[in-house]
Amino acid sequence: MTEKITDRATLEAMAAQLEASKDYRVLRRFVPRPAYEQPTPAKVHRGLIVDVESTGLDTANDAIIELGLVAFEFDTQGRVYGVDEARSWFEDPGRPIPAECVELTGITDEMVRGQRIDDAAVEREIARAVLVIAHNAGFDRRMLERRFPGFADKHWGCSMQEVPWPRFGCRGLKLEYLLFRACGEFHTGHRAGDDCLATLHVLAMPRDGDVSPLQLLLEQARRVTHRLWAIGTPIELKDVLKSRGYRWYPGGSRTPKSWYRDCSAQELEVEQSWLREHAYDGRPNPPWRVDRYTGKERYSERMGG
């Protein structure tokens with residue numbers, strides 16, 4: 001019977017030998033770090049990684065069934081210092097969890113029955129954070145602002161959308177893939193708090209020279225977004241607008257059904273010229289509208305119409 005090897009140094013030597021052969025890739029188990037950089041400078045900012053599981057994808061009507069969060073210290077160059085322990089809570093939605101959600105999340109009615117998120121603990125963390133990050137901020141932010149209005153006053157970033165992951169050798173955007181591809185590690189956690197730790201890890205660990213994914217995310221989070229609403233364009237132009245990168249908005253209290261595109265300040269004038277020529281027959285005063293957003297509004301319901 002072969003003896004099981006448990007000595008860490010021996011296992012690492014075996015892994016190094018396999019990797020040196022070029023025929024194998026060894027994945028190491030992700031182990032959360034209490035810190036990524038030392039020593040901690042006098043001035044750091046406090047961030048918050050969040051992750052939400054819910055009864056569905058309707059951010060107006062579905063309910064949160066689990067919230068995870070991890071607070072951490074960082075500087076303006078995207079270096080991560082101290083990392084708090086992950087915290088997570090179940091919450092009873094007051095109705096049965098749909099079968100497809102149970103299959104996807106592993107969270108059952110029995111697990112959440114009678115449970116509730118610790119509101120006071122979450123609100124303390126919101127108050128201390130200057131930036132909130134989620135791996136799908138367009139979903140998590142809308143869910144959390146309904147449950148905890150204090151999230152609406154924070155700047156947000158998205159680790160899925162605001163990092164150019166191909167720069168770090170990643171073609172996919174799922175968290176498990178990024179952990180594998182960018183960090184050479186695998187994830188065995190099953191709860192929202194574990195996913196928060198893994199999200200922070202993929203932002204802090206890989207490097208392109210001296211640049212980390214978190215540094216690039218911070219640069220994107222600081223940007224101003226100009227949303228150009230192509231109001232009143234002819235329906236026959238829908239394919240032209242779609243191929244140009246416009247997205248459809250089904251209508252709201254302030255904006256009718258229309259196409260829109262998000263632009264930087266540098267892109268806006270060029271895009272308006274294109275839109276005037278191709279959608280408004282060169283009219284000098286087309287009925288478009290431009291809204292300006294920062295990280296305080298980005299990914300929230302307020303970016304609708």
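## The loop around D62

Let's start with D62, which sits in the loop that links β2 (45–54) to β3 (64–74). Keep in mind as you look around that this is a predicted model.

Is D62 buried or exposed? With a relative accessible area of 15%, D62 counts as buried, because the value is under the 20% cut-off. Its neighbours, leaving aside residues up to four places away in sequence, are T55, G56, L57, R95, M143 and R146. One of these, L57, also has its backbone nitrogen 3.2 Å from a polar atom of the D62 side chain.

## From β3 into β4

Follow the chain onward from the loop and you come to the pairing of β3 with β4. Strand β4 covers residues 80–83 and runs antiparallel to β3, with 2 bridges joining them. If you want a pair of residues to find on screen, try F72, which stands opposite V83 in β4.

The two strands form a hairpin with 5 residues between them. Which residue in this hairpin takes a positive phi? It is G78, with a phi near 80 degrees.

## A nonpolar patch on the surface

Now turn to the surface, where I5, L11 and M14 make a nonpolar patch of about 230 Å². Among these residues, L11 has its place in helix α1, which spans residues 8–20.

How much of L11 is accessible? Its relative accessible area is 34%, so L11 is classed as partly exposed, a label for values between the buried cut-off of 20% and the exposed cut-off of 50%. That 34% also fits its place in the patch, because patch residues need over 30% relative accessible area.

Definitions and conventions:
Residues are numbered from 1 along each chain as its sequence is written. This is a predicted model: local features need pLDDT of at least 70, side-chain atom pairs count only at pLDDT 80 or more; totals for chains, interfaces and linings use all residues. Side-chain values use heavy atoms; hydrogens and water are left out. Patches are made of residues with over 30% relative accessible area and no salt bridge: like charges are joined within 9 Å, nonpolar side chains (Val, Leu, Ile, Met, Phe, Trp, Tyr) within 5 Å. Accessible areas come from the Shrake-Rupley method with a 1.4 Å probe; for residues, only the protein chains shown count as cover. A salt bridge is a side-chain nitrogen of Lys or Arg within 4 Å of a carboxyl oxygen of Asp or Glu. Helices (H or I, at least four residues) and strands (E, at least two) are DSSP runs, numbered from the N terminus. Buried means under 20% relative accessible area, exposed over 50%, partly exposed in between (1.4 Å probe, protein chains only). A polar contact is a pair of N or O atoms within 3.5 Å; within protein, one must be able to donate a hydrogen and the other to accept it, and residues adjacent in sequence count only if both atoms are side-chain atoms. Contact means heavy atoms within 4.5 Å. Two strands pair if DSSP finds at least two bridges between them.
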